[in-house]
Amino acid sequence: MAGNTLDVVTSAWINVVTSIVILLAFAVLKNQPMNARVYFPKWFLELHKRSAGSAGGFDPASRTTNPIGRFLNLNVKSYAHVMDWIWTTLRMPEMELIEHAGLDSAVLLRVFLLGFAMGSCRLKMFAPMLVWGCFVLIPINKTDNELMSYQKSNPNFAYSTVDMMSIANVHDKSKRLWAHLLAAYMYTAWTCLMLFKEYEQVESLRFKFLAAQKRRPDQFTILVRQVPRVGQIKVSQQIENFFKENHSEHYITHQVVYDANYLSLLVEDKEKCLDTIEYLQKQQGGSQSSQCPTTRKGFLRIVGEKVNSIDFYTSKYNRLIEEIKTVQCHILSSEKFVMKAGFVSFNSRWGAAVCAQTQQSKDSTCWLTDWAPEARDVCWDNLSIPYMALNSRRLLVGFLIFFIAFFFMIPITFVQSLANLDALDKNFHFLKPLIDQSFIRSVLQGFLPGLSLNLSLHFLPQLMMFLSKFEGRVSYSKIMRSAATKYFIVMVVNVFFGNVIVGSVFVQLKQYINSPIRVPKAFGSSIPMKSTFFITYIMVDGWSTVAAEALRLGAFMWYHLQNMVIVKTERDRNNAMAFSTLQYNAVLPKLGLYFLLGLVYSVISPLILPFIIVFYAFGYIIYRNQVINVYVPKFESSAAFWPLAHRFIIVALLITHITLIGLFSIKRSAASTPLLLPLPVLTLFFHWYCTDRYGPAFDQYPLQEARAKDNLERTLEPNLDVRSFLERAYLHPAIKAALAEDTVALDASGIYNLLGNRITEASSRPAQSSQRSNVDNKQYEQTCIVSIDSQSTSTM
């Protein structure tokens, strides 16, 4: 009986020690100047190194007097305060955090806050549940003896102390189950209250954030799709005619969508070629007269004639420039590269809001309008997908997700079966002497199953992102939200249901097929006994893995590897900097899964709650530090993913209610089971109310707010030229890059001059200048601009 309890204690000891060691290593490494670009890349990007010190960082610029001090922190006294980063991270006010990192990051941290308490005035979901569970449910469970009685009739049956504190230790038909019924209602009411208040506060934050936002092109721009073909009139002219006629007071310009994916590849190859030339120049020593490295012209540069490397890549660069010009002019002059879509800009936010949020035609399949994503949020590759192909793509992905969700149980069960001690003893005989030792058995039983499950799921977020992008969504924020939903489904099916029902799938599958009615009973009987496994899983995935998030070991090793092998200039070092973006598609489903485990087991086995509360508190601190110092937002959706987080918690509540109904029916509590039936219905009504009450605020922009923002802007900037601000904001990045200054053919000396300009850039981000030194290239650019802005109405 003590075996499983010892497993939990051993797992807790291992994960606590591991987490502390990781945090200490992080605290020491981040305090070294040579690691500043790994642990504070965001501050370098924003050119605020001095601010990094105020956020718990280390300013390497203050250590330049000693050569060693440029790399290592020689101030011994500073190591006594290496853990002060926790308090400095927590001290940043929420509004300052929103200004610094964006509303998306701040709202994600609020989701972490939902899981634990921050002071007596900010009680969140699980803290009050823990109080009721410790003082009411656990004593009620512990003082019964159902498991002991069952063991007497089944000598092979084993249970742990954790099981004795769960509902599994309560006798069937016992009056003690009324306490659990009351807990189910109280927990549901408390969760709904917290969700309602949070929805209200996030909505308020969203409106304040939108009102305080600086002027951006997406505030004035809509995306129109399914532009109908009328005769031989071009798409661009169709868009202009339609919006001049129907939105004449507000329409000012538009930009059609081009299929420029091939051009993007050429531009990318050109940049790589120029980077190679820069590296070769530095390798040569910066002098044209020095001996230049050579390369081979053949396959993979390993066979063929040897040639001068700089001359070879200069020639390749010039060929790419010519091809880019040819392809670009072909795209701009040929209607076959124009999609039936465009970005339409208006002279006011009010005009854009009216157009984006209304039906434009009596034919609901034409002139489909929606808000344009933020320019950096646009997934340009997906804009080239025909609109009518989207449904078939999403149907195909739906079948794939169904297949992954249910058939992924097989490899997960197989991996976990290998982690079982009996399987290890059977398949790896040489491990038997180790496995027979009680401490080793506890380590393996308490740590290995959770670790194997965590590793099995490791690649799924990237797979879900790939599938969501394949669906054809036009913005990265929507792709991430779609991927998060898919990942949550797979995790719920495999981590929760898979471990509860399919604990020994290969043995039980036949009897489940022969008698499907036994599945709910098996589910209700096994779920209380699985609390030990989920506790160990939370410690592995929620403690050690979160601590590793702060250490950034992969980014640390990759940056220093590049520093030793590739980096020659300060620009190289900036390019090697370990930038990363907050992966909502991986973090949100994990939070949803822990809400599910917490809500289900808060009634069944309340001992799990302290472990979940530690996860939310620990995760809040770690991710707050990462948001402040590390993560560089790829987009800003103004908390558009909050309804998704709300939906995850609602799903967790519904699964909790269904689980309890099944469990009470197994306990043959005929009097109390029917009283649980209203809970899922009430929860659904609550969800529908919140969706109707607050949901529109996350999809639409109120006209009143848009008008107020426009009036304020006209008062402050009466001479604002909105057209010049918008006319090229949504031009395809590949076409913009093709118009940049380095799309000119150069000889070797020209390459040296161009690289000299690139090396002296002050910003961490490579800037693109609008100036050109070549008269012919200026004429070429002017021709392209005319092609973009003044497409004729001639026939195709």
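Let me start at Lys173, which counts as exposed because its relative accessibility is 58%. Lys173 sits in the loop between α10 (161-164) and α11. Its phi is near 65°, a positive value in a residue other than glycine. Most residues other than glycine have a negative phi. One caution before I go on: this is a predicted model.

Now take Ala639. Phi is positive here too, about 65°, and Ala639 is not a glycine. Its place is the loop between α30 (609-629) and α31 (642-666). Is Ala639 buried or exposed? Buried, because its relative accessible area is 0%. So we have one positive phi at an exposed lysine, with 58% relative accessibility, and one at a buried alanine, with 0%.

Let me step back to the whole chain. The protein has 38 helices and 6 strands. It runs to 796 residues, and 52% of them count as buried. Take the contacts with a separation of 6 or more. Of those, 82% are between residues 24 or more positions apart. The exposed area is about 36800 Å². Carbon and sulfur atoms supply 61% of that area.

On to the strands. I'll focus on β5, residues 338-346. How many of its 9 residues are buried? The count is 8, so to speak of β5 as mostly covered is fair, buried being under 20% relative accessible area. Two strands pair with β5. Strand β1, residues 221-225, pairs with β5 in the antiparallel sense, over 5 bridges. In that pairing, Leu223 stands opposite Phe343 of β5. Strand β2, residues 251-258, is also antiparallel to β5, this time over 6 bridges. There, Val256 stands opposite Gly342 of β5. A general reminder while you look at it: side chains in a regular strand alternate between the two faces of the sheet.

Next, salt bridges. The structure holds 19 of them. I'll pick out three pairs.

Start with Glu713 and Arg215. They form a salt bridge, with the closest N and O atoms 3.0 Å apart. This pair links distant parts of the chain: Glu713 is in helix α34, Arg215 is in the loop between α11 (177-212) and β1, and 498 residues separate them. Glu713 counts as buried because its relative accessibility is 13%. Arg215 is partly exposed, because its relative accessible area is 26%.

Arg215 has another partner, Glu717. The closest N and O atoms in that salt bridge are again 3.0 Å apart. Distant parts of the chain are linked here as well: Arg215 in the loop between α11 and β1, Glu717 in the loop between α34 and α35 (722-726), 502 residues apart. Glu717 is partly exposed, because its relative accessible area is 35%.

The third pair is elsewhere. Asp381 and Lys469 meet through their side chains in a salt bridge, 4.0 Å from N to O. Asp381 belongs to helix α16 (residues 380-383) and Lys469 to helix α22 (residues 460-470), so to place them along the chain, they are distant parts, 88 residues apart. Asp381 counts as partly exposed because its relative accessibility is 36%. Lys469 counts as partly exposed because its value is 31%.

Back to Arg215 for a moment. Salt bridges that share partners join Arg215, Arg349, Asp710, Glu713 and Glu717 into one network.

That brings me to Lys709, also in helix α34, residues 703-716. Lys709 is buried, yet has no salt bridge. Why none? The nearest side chain of opposite charge is Glu713, at 6.6 Å, and a salt bridge requires nitrogen and oxygen within 4 Å, so Glu713 is out of range. What does Lys709 touch, leaving aside residues up to four places away in sequence? Leu210, Ala211, Ala212, Gln213, Arg349 and Tyr701. Arg349 is a member of the network I just described.

Last stop, the surface. There is a nonpolar patch of about 540 Å². Its members are Phe402, Phe403, Phe406, Phe407 and Ile410. Which helix gives the largest share? Helix α17, residues 390-407, with 4 residues. Phe403 is in that helix. Phe403 counts as partly exposed because its relative accessibility is 48%.

That's the tour. Happy to take questions.

Technical notes:
Residues numbered from 1 in each chain as written. Predicted model: local features only at pLDDT ≥ 70, side-chain atom pairs only at ≥ 80, totals over all residues. Heavy atoms only, no water. Buried < 20%, exposed > 50% of the residue type's maximum accessible area, 1.4 Å probe, protein only. Pairing = 2+ DSSP bridges. Patch = residues over 30% accessible without salt bridge, like charges linked within 9 Å, V, L, I, M, F, W, Y side chains within 5 Å. Areas by Shrake-Rupley, 256 points an atom, 1.4 Å probe, with all protein chains shown as cover. Lys, Arg positive; Asp, Glu negative; His and termini not counted. Contact = heavy atoms within 4.5 Å.
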